[in-house]
Amino acid sequence: MKIHLTPHAEEQIRFRKVSRERVIEVATNPERLVPALSDRSFVQSRYHERGKECLLRVVIEDIGDERWVVTVYPTSKVGKYWRG
């Protein structure tokens with residue numbers, strides 16, 4: 001599957017200082033996929049930063065065999081978004 005980043009996603013990667021490689025990895029091979037109410041979904045994976053568990057959430061939209069990354073955001077509120 002080919003991964004594309006929207007201009008907004010590129011901007012958020014820079015603004016939030018997230019590794020582009022990590023975003024591509026989560027978009028390609030997420031730990032969890034969470035469907036949304038629209039054509040978009042969240043893919044997310046946990047990681048550790050400075051000894052703290054964090055979560056990278058990536059909003060995607062699949063169009064045919066292409067995956068578009070709409071936006072990204074890291075969070076330390078793992079329990080809020082990671083249930084079960």
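Strands β4 and β5 form a hairpin with 2 residues between them. In the turn, G64 has a positive phi of about 65 degrees. The model is predicted. Strand β5 also pairs with β1, and 7 of the 10 residues of β5 are buried. The largest nonpolar core has 16 residues, and the structure holds 5 salt bridges.

**Strand pairing around β5**

- Strand β4 spans residues 52-63 and pairs with β5 in the antiparallel sense. This pairing runs over 9 bridges.
- E61 has W68 as its bridge partner in β5.
- Strand β1, residues 2-5, runs parallel to β5. The two are joined by 4 bridges.
- I3 has R67 as its bridge partner in β5.
- Strand β5 itself covers residues 66-75 and is mostly covered.

**The β2–β3 hairpin**

- Strand β2 (residues 32-35) and strand β3 (residues 40-49) run antiparallel. They are joined by 4 bridges.
- P35 is matched with S41, its bridge partner in β3.
- The two strands form a hairpin with 4 residues between them.

**Helix α1**

- Helix α1 takes in residues 7-15. Its residues A9, Q12 and I13 are buried. They sit on the same side of α1, because they cover an arc of only 105 degrees around the axis.
- The face turned away from that buried side carries exposed residues. These are P7, R14 and F15.
- The cover over the buried residues of α1 includes β1, α2 (20-28) and β5.
- K17 follows α1 and has a positive phi, near 55 degrees.

**The nonpolar core**

- Within the largest nonpolar core, the residues with the most contacts are L5, V23, L56, V58, V69 and V72.
- The elements that give two or more residues to this core are β1, α1, α2, β3, β4 and β5. Strand β4 supplies the largest share, 4 residues.
- V72 contacts Q12, I13, R16, V23, R57 and V58, leaving aside its neighbours within four places in sequence. Of these partners, Q12 and I13 are buried residues of α1.

**I60 in β4**

- I60 lies in strand β4. Its relative accessibility is 1%, below the 20% limit, so I60 counts as buried.
- Not counting residues up to four places away in sequence, I60 touches D39, R40, S41, V43, R67, W68, V69 and V70.
- I60 and K77 are 17 residues apart in sequence. Their C-alpha atoms are 20 Å apart in space.

**Salt bridges**

- Side chains of opposite charge can pair when their charged atoms come close.
- R46 and E31 meet through their side chains in a salt bridge, at 2.8 Å from N to O. R46 lies in strand β3 and E31 in the loop between α2 and β2, so the pair ties together parts that are 15 residues apart in sequence.
- Both ends of that pair are partly exposed: R46 has a relative accessible area of 35%, and E31 has one of 41%.
- R67 and D62 form another salt bridge between their side chains, at 2.6 Å from N to O. R67 counts as buried at 9% relative accessibility, whereas D62 is partly exposed at 37%.
- R67 has further roles in the picture: it is the bridge partner of I3, and I60 touches R67.
- R50 forms a salt bridge with E49, and their closest N and O atoms are 3.8 Å apart. R50 is exposed, with a relative accessible area of 82%. E49 counts as partly exposed at 36%.

Terms used:
Residues are numbered from 1 along each chain as its sequence is written. This is a predicted model: local features need pLDDT of at least 70, side-chain atom pairs count only at pLDDT 80 or more; totals for chains, interfaces and linings use all residues. Side-chain values use heavy atoms; hydrogens and water are left out. Buried means under 20% relative accessible area, exposed over 50%, partly exposed in between (1.4 Å probe, protein chains only). Two strands pair if DSSP finds at least two bridges between them. The arc is that of the directions from the helix axis to the C-beta atoms. Contact means heavy atoms within 4.5 Å. A salt bridge is a side-chain nitrogen of Lys or Arg within 4 Å of a carboxyl oxygen of Asp or Glu. A nonpolar core is a set of buried Ala, Val, Leu, Ile, Met, Phe, Trp, Tyr and Cys residues joined through side-chain atoms within 4.5 Å.
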